[in-house]
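Me: I am new to this structure and would like a close look at one part of it. Could you take me through a charged pair and its surroundings?

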Amino acid sequence: MASDLPPQAAEAALSLVHEGWRQLQLQRPLASWACWQQAMRLKPGDRAADEALDRLANSDELPEVARKPRRLDNPTDDEARERWDETFRSRNLANLADALDAFEELSEEEPTDTAAWSNRALCLAWLGRNDEAIDALDYLVHLTASSDPDRAAESWALAEILRHGAGAEHRADDLNYAFELPWPDDAPPPFDADEAAGAVRVVPMPVDPMTLKPMAPGARIVEWLDRPMPPSDPEPAASDLPIVRAVVILNEGILRCSSLQRGAIEEVERTIEGRLGRGLEFDRTISPLPLAMLDAAVATVRLPEGLSIDARKRLQADAIASYFETRWVIVPRIGLGAGLGDEEGPPQRSPLEASRLGAEGDDVMRAKLSGIILVREQLAQRPRSRELYLGYDFDRLRRRLGIDPLDAPPAGADLPLQPRDD
């Protein structure tokens, strides 16, 4: 019974619950899950840990690969089991650090042991060591890409999540670029010329839900578009629609600007320098997007007013397809660049470049590309995203890139911190 627990166990469980929420704030959902599982072991039936696990499992913000329970693999044969049993002696595998030590030793002793490498990657992810976990998953993809491509793709989908967590930011592909700049009160808005040309869209100021008043009275928010908005009649093509290149907030002498594209934010900076002069002091930041917003770029297309409901849906569906099949496929990604198992190669590759390598027989690149697409598909399957995506079929994107559809993965299950015999 929980009431029979020693006080230190109850305190440790509570500390783990808090640590799990901290890890989630750091974008490490696997580490959060591990904390809450350990809290449940220390204090069976702990309500706070149980509720946290349930909220993570049923989150409508995270893709499935970021929240589904995982289990450690068993040894693949009797010979491996003997090696594992020998390594496990005198180790407490309920302790994640001990478990990691064991699987690191096993994977180094037998570099082709896929189960040991998989468990090594999971233990690192549960400990919040995302950067090292990505390296282990990279190695695992090289081991399994030819023999078990679906498993390799699932492994790289997990790496796609881990690269956006704290400690692995330098490997993230979906980023927010931003800057702040002092803006003289007597200076004209930086976007006045584009506004006159119709390439600026004013965004209503958010209101305080308690007072129903603007959250920043006097501030101005605009979307800086890459082209003027076309008329609704005749109905434009998806290729004619403007894309938000930056969001600009002008408030109390400070101009704040953010964009999902490095090229766009640099273009905005050059535009501002051209109007105010060189030598401006831009306070720049680059940060990974939150996991719930990895697909934020999908929603940067803007449609003209005055379209019928049917025309709006048709045009939005065309815009989603155009985004993935025309724009997304040409953007270089670290997740498709040279990895640990590659002797040489660029640090980044676009999906189209990865597709060409896959067509030439590079199974690793095919698996990595498949895993990255899987994450995009799962983002689109969230209840909150369905209205935006309008049922876009990601097999269209797979066909565009020469990738076979993935088999449906098995349902997740609670995962112990040591291998099971069944």
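Reply: Let's start with D174, which counts as buried at 11% relative accessibility. This is a predicted model, and in it the side chain of D174 meets that of R333 in a salt bridge, with 3.2 Å from N to O. D174 sits in the loop between α9 (149–162) and β1 (175–182), while R333 is in the loop between α12 (309–327) and α13 (351–359), so the salt bridge ties together parts that are 159 residues apart in sequence. R333 counts as buried too, at 4% relative accessibility. The two also belong to a wider group: salt bridges with shared partners join E160, R163, D173, D174, R333 and R376 into one network.

For some context, the count for the structure comes to 33 salt bridges. One of them is between E108 and R120, at 2.8 Å from N to O. That pair links helix α6 (residues 96–109), where E108 lies, with helix α7 (residues 114–126), home of R120, and the two residues are 12 apart. R120 is buried, with a relative accessible area of 14%. Another salt bridge joins D226 and R227, whose closest N and O atoms are 3.2 Å apart. Here the setting is partly exposed: D226 has 37% relative accessibility, and R227 has 30%.

You may also wonder about links between cysteines. The structure holds zero disulfides. In the case of C35, the closest cysteine sulfur belongs to C123 and is 14 Å away, too far for a bond. C35 is itself buried, with a relative accessible area of 8%.

How values were computed: Residues are numbered from 1 along each chain as its sequence is written. This is a predicted model: local features need pLDDT of at least 70, side-chain atom pairs count only at pLDDT 80 or more; totals for chains, interfaces and linings use all residues. Side-chain values use heavy atoms; hydrogens and water are left out. A disulfide is a pair of cysteine sulfur atoms within 2.5 Å. Buried means under 20% relative accessible area, exposed over 50%, partly exposed in between (1.4 Å probe, protein chains only). A salt bridge is a side-chain nitrogen of Lys or Arg within 4 Å of a carboxyl oxygen of Asp or Glu. Helices (H or I, at least four residues) and strands (E, at least two) are DSSP runs, numbered from the N terminus.
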